[in-house]
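Visitor: I am new here and would like to know how the labels people use are earned. Could you walk me through them?

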Amino acid sequence: MSDTDDKLFRDELAGVQPLQAPPKVTLNRSPVSALATAARREAAQRELDAERNFLALDNVDMLDPYYPLDFKRSGVQHGVYRKLRQGKYAMDARLDLHRMTAERAREEVFHFIREALTYDLRNVLIVPGRGTHNQSQEAVLKSYLNKWLPEFDEVQAFCSAIPAHGGTGAVYVMLKKSEQRKQENRDRFQRGRVPESKG
């Protein structure tokens, strides 16, 4: 490039300013203490836990160890509930709560019911025991279970088991049928029907 061309080029660019590109990430420079961060994280975890497990540990009526549990939502057929009380349904899964604290049992029951629903189980057995080993003669875990189970919308019915399955120290729990299971029953019913003869 000649001196003349160089001068012309500089004259053309006179007054031009370079573009200012914004930073890609805006950094928050305000100092945050490690204590405040830990407190926020703990509060968020507590909120998450409360949302995850809604079973409460307060306001429970303590029951006698031999008190029979008996719960049925409206809409559950009497014949179905009678078969449950007679132990005529196969139990798809079992949870034993013996010797657990109420806090531990709360976690176990919550996750057990959630898992049973995930696997589309219909009938499960939970064994809280009678609590006769404690001095108060109150069935603590059984009392909590009696409070917790109705809090699940998916629990349709529950009752104490027959003696062969643990008696009043064990509980049959009937869960709501999934839409898939309902459809399978409808299909089975339709296949079993004999079409009416037209003659």
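**A guided look at the labels**

Guide: Gladly! From the N terminus on, the elements run α-α-β-α-β-α-β-α-β-β-α. That gives six helices and five strands in the chain. Please keep in mind that this is a predicted model.

Visitor: What makes E1 and E2 the edge strands?

Guide: Look at the open sheet of five strands, whose order is E1-E4-E5-E3-E2, with mixed pairing. Strand E1 (70-72) and strand E2 (93-96) each pair on one side only, and they are the edge strands. From one strand to the next, the twist averages 20°.

Visitor: How do you know that E3 and E5 count as paired?

Guide: Two strands pair if at least two bridges are found between them. Strand E3 (residues 123-127) and strand E5 (residues 171-175) have four bridges, in the antiparallel sense, so they count as paired. Ile126 stands opposite Val171 in E5.

Visitor: Which helix lies across E1, E3, E4 and E5?

Guide: That is helix H3 (residues 78-85), running at about 40° to strand E4 (155-160).

Visitor: Why is H4 called oblique to H5?

Guide: The axes of helix H4 (residues 102-118) and helix H5 (residues 140-148) come within 11 Å and cross at roughly 40°. Angles under 35 degrees count as roughly parallel, and roughly perpendicular begins at 65. The crossing angle fits neither class, so H4 is oblique to H5. The crossing of H4 and H5 is also right-handed.

Visitor: Which residues make that contact between H4 and H5?

Guide: H4 brings Ala102, Ala105, Arg106 and Val109, while H5 brings Leu141, Tyr144, Leu145 and Trp148. They divide into seven nonpolar, no polar and one charged. Arg counts as charged, whereas Ala, Val, Leu, Tyr and Trp count as nonpolar.

Visitor: Why is Thr168 counted as buried?

Guide: Buried means under 20% relative accessible area. Thr168 has 17% relative accessibility, so Thr168 counts as buried. Its place is in the loop between E4 and E5.

Visitor: What is Thr168 in contact with, leaving aside its neighbours within four places in sequence?

Guide: Its partners are Pro65, Tyr66, Tyr67, Pro68, Arg130, Lys142, Ser160 and Ala161. Lys142 is 26 residues away along the chain from Thr168, and their C-alpha atoms are separated by 9.0 Å.

Visitor: And how much of the whole chain counts as buried?

Guide: Of its 199 residues, 29% count as buried. Among contacts with a separation of 6 or more, 71% come from residues 24 or more positions apart.

Notes
Residues numbered from 1 in each chain as written. Predicted model: local features only at pLDDT ≥ 70, side-chain atom pairs only at ≥ 80, totals over all residues. Heavy atoms only, no water. Helix = DSSP H or I, 4+ residues; strand = E, 2+ residues; numbered from the N terminus. Axes fitted to C-alpha atoms, helices over the stretch in contact; angles between N-to-C directions. Contact = heavy atoms within 4.5 Å. Parallel < 35°, antiparallel > 145°, perpendicular 65-115°, else oblique. Left-handed = near helix turned anticlockwise from the far one by under 90°. Buried < 20%, exposed > 50% of the residue type's maximum accessible area, 1.4 Å probe, protein only.
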